[in-house]
Amino acid sequence: MNLKITNELLIQSAKKYQNNSTAKYSHFKVGAALLDNNGQIYGGCNVESSSYGLTICAERVALTKAISEGIKNFNKIAIVGPNNDFCPPCGACRQLLYDYAPDLEIILTNNNEMKSIKLSDLLPFAFEEKKLKNL
Ligand code: THU
């Protein structure tokens, strides 16, 4: 398992990916580091567009990167923002992460303390795949 990857290390990794953010419009650079169940990290940064609505969040970049590599089981994700405040995932990211990793742990920091939150606590009463079968 991934006992070697500490939360501190995952945060450090998210900061590394944050450097690649193209937050040209919002100037709000975000980095994410998604850890799979084999101890592998998939990083992401927000990628912004001149057509603002096309912007993709760091979390979804990390997730789609991992999924495209065939990864199916996820353990936790660290997310870092550009200031000394926690950067919790937006609603769209909560949903997509929940679709693929409902048991995910979310690690946040404000550069002073670290918070660990379960995704299921951030998205209670979630819409999910099994609802689609209830026709
Ligand atoms: N952003 C993320 O990458 N992740 C979040 O969870 C919150 C918001 C990005 C989107 C946009 O590029 C910028 O932050 C400001 O909203």
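Two strands count as paired if DSSP finds at least two bridges between them. Strands (E, at least two residues) and helices (H or I, at least four) are DSSP runs numbered from the N terminus.

Welcome to these close-up views. Everything shown is a predicted model, in which local features need pLDDT of at least 70, side-chain atom pairs count only at pLDDT 80 or more, and totals for chains, interfaces and linings use all residues. Residues are numbered from 1 along each chain as its sequence is written, and side-chain values use heavy atoms, with hydrogens and water left out.

**View 1. The sheet is open and has five strands.** Its order is β2-β1-β3-β4-β5, and the pairing is mixed. At the edges stand β2 (41-45) and β5 (114-118); each has a single partner strand, so one side of each lacks a neighbour in the sheet. From one strand to the next, the twist averages 20°, where axes are lines fitted to C-alpha atoms (for helices over the stretch in contact) and angles run from 0 to 180 degrees between N-to-C directions.

**View 2. Strands β3 and β4 run parallel, and helix α2 packs on the sheet.** Four bridges join β3 (residues 74-80) to β4 (residues 105-109). Look for Lys76, which stands opposite Glu105 in β4. Helix α2 (residues 58-68) touches β1 (31-36), β2 and β3, contact meaning heavy atoms within 4.5 Å. The helix direction makes about 140° with that of β2.

**View 3. Strands β4 and β5 form a hairpin.** Their pairing is antiparallel, over five bridges. Here Glu105 turns up again, this time opposite Lys118 in β5. Four residues lie between the two strands, and in the turn Asn111 has a positive phi of about 75°.

**View 4. Residues surround the ligand.** Those around the ligand (a heavy atom within 4 Å) include Ser26, Phe28, Val30, Glu48, Thr55 and Pro88. By class, the shell has seven nonpolar, three polar and two charged residues.

**View 5. Oxygen atoms of the ligand approach Asn46, Ala58 and Cys90.** An N or O atom in the side chain of Asn46 is 2.9 Å from a ligand oxygen. Backbone N or O atoms also take part: one of Ala58 lies 3.0 Å from an oxygen atom of the ligand, and one of Cys90 lies 3.2 Å from such an oxygen.

Conventions
Polar contact = N/O pair within 3.5 Å; in protein donor to acceptor, adjacent residues only side chain to side chain. Nonpolar A, V, L, I, M, F, W, Y, C, P; charged D, E, K, R; others polar.
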